[in-house]
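Trainee: Got a minute? I'd like to go through this one with you.
Mentor: Sure, put it up and we'll talk it over.

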Amino acid sequence: MRLRVLPDSDAVAEAAAREIAAAAQQASMERGRVLLALAGGRTPALAYRRLAADPWRDSVDWPRAEFFWGDERAVPPDDPASNYGMARRTMLRPLGIDEGRLHRMRAEAPDLEAAAREYEADLRRVAGEPPVLDVVLLGMGADGHVASLFPASPALREGDRLVTDVDGPAGGARRLTLTFPAILAARAVLMQVAGADKAGALREVFAADGDADRLPARRLHEAGDRVLWLVDRAAAAALDHREAPAPSGAE
Ligand code: 6PG
């Protein structure tokens, strides 16, 4: 795995925008299109705003991009908690992306299981069989969750389905999420982790005896070099450098 420690969440977002633009340019050159899965969360939002502004907005051939989502809450698309809504406001509308390229998770549907199956079918139709996304963007919660794969969830053990419906955190809306088979099939996974509240979980994710059932992000740590961790200093503060690879600005 690759780990880059950066000064703060703005620097994480800037590095993420640069990585996304580079991966998109490469995908567009090599395969003629770009398949991205977007995340919710504060740091991804900062990265999206950068991608929609100079110098990144013109560095990617955006009409070649297809946008998927890593997860979504069971709310309508115009709800402030919608990951689709957030990405649309911060990046997709400013870039003028064609609606037909936005593969939104219909998590407001009454039958979430059916919505998960439809999303999986769409992913298979667009991203090949088996589907391979160019970049999956992810954040990590303070409990170690990624996308909507929460600690101890049965969805962590999903081996076949690429999309599933899950419970959210206690009291929160249900959700749709990509599963690990979909995430780990991607050409690249970009983890953005910022904030002191993530330090404890991150330490455990990288610890020699880390437990992927308790800390789902551990699965990304085990996935090797296709995963790039962009972490701010506050989140990296508790890393045990005897166990984690030596962090550096340049890798
Ligand atoms: C969501 C997510 C979730 C998020 C993390 C980190 O919709 O909430 O997709 O997995 O990425 O909770 O979020 P922050 O960057 O805001 O801490």
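Mentor: We can take the ligand, then the salt bridges, then some backbone details.

Mentor: Keep in mind that this is a predicted model.

Trainee: OK, ligand then. Where does the ligand sit?

Mentor: You'll find the ligand in the largest pocket. Two elements each give two or more residues to the shell around it: α2, residues 42–51, and β4, residues 71–73.

Trainee: And which element has the largest share of that shell?

Mentor: That's α2, with 3 residues.

Trainee: Which residues come nearest?

Mentor: There are 15 residues around the ligand, and the nearest are R42, D71, R73, N83 and K198.

Trainee: How many of the shell residues are nonpolar, polar or charged?

Mentor: The split is 3 nonpolar, 7 polar and 5 charged.

Trainee: What about K198, how far is a polar side-chain atom from a ligand oxygen?

Mentor: For K198 that distance is 2.6 Å. H145 also puts a polar side-chain atom by a ligand oxygen, at 3.1 Å. With R42 the contact comes from the backbone instead: one of its N or O atoms is 2.8 Å from an oxygen of the ligand.

Trainee: How much of the ligand's accessible area does the protein cover?

Mentor: On its own the ligand has 420 Å² of accessible area, and the protein covers 90% of that.

Trainee: Switching topic. How many salt bridges are there?

Mentor: The count is 21, taking a Lys or Arg side-chain nitrogen within 4 Å of an Asp or Glu carboxyl oxygen. One to look at is R31 with D134, where the closest N and O atoms are 2.7 Å apart.

Trainee: Where in the chain are those two?

Mentor: They link distant parts of the chain, 103 residues apart. R31 is in helix α1, which covers residues 9–31. D134 is in the loop between α4 (112–127) and β5 (135–139).

Trainee: Why can side chains like that pair up at all?

Mentor: Because opposite charges can pair when the charged atoms come close.

Trainee: Now the backbone. Which peptide bond into P55 do we have, cis or trans?

Mentor: The bond from D54 to P55 is cis, with omega near 0°. P55 belongs to the loop between α2 and β3, the latter being residues 65–69.

Trainee: And what about the bond from E129 to P130?

Mentor: That peptide bond is cis too, with omega near -5°. P130 is in the loop between α4 and β5.

Trainee: Last one: what's phi at A147?

Mentor: Phi of A147 is near 45°, so a positive value in a non-glycine residue. A147 is in the loop between β5 and β6, with β6 at 163–166.

Key. Residues are numbered from 1 along each chain as its sequence is written. This is a predicted model: local features need pLDDT of at least 70, side-chain atom pairs count only at pLDDT 80 or more; totals for chains, interfaces and linings use all residues. Side-chain values use heavy atoms; hydrogens and water are left out. A residue is near a molecule or strand if one of its heavy atoms lies within 4 Å of it. A polar contact is a pair of N or O atoms within 3.5 Å; within protein, one must be able to donate a hydrogen and the other to accept it, and residues adjacent in sequence count only if both atoms are side-chain atoms. Accessible areas come from the Shrake-Rupley method with a 1.4 Å probe; for residues, only the protein chains shown count as cover. On a 1 Å grid over the protein atoms alone, a cavity is a set of points where a 1.4 Å probe fits but cannot get out, and a pocket is an open set with protein on both sides within 12 Å along at least five of seven lines; lining residues have an atom within 4 Å of a point. A molecule sits in a cavity or pocket if more than half of its atoms lie within 2 Å of its grid points. Helices (H or I, at least four residues) and strands (E, at least two) are DSSP runs, numbered from the N terminus. Ala, Val, Leu, Ile, Met, Phe, Trp, Tyr, Cys and Pro count as nonpolar, Asp, Glu, Lys and Arg as charged, and the others, Gly among them, as polar.
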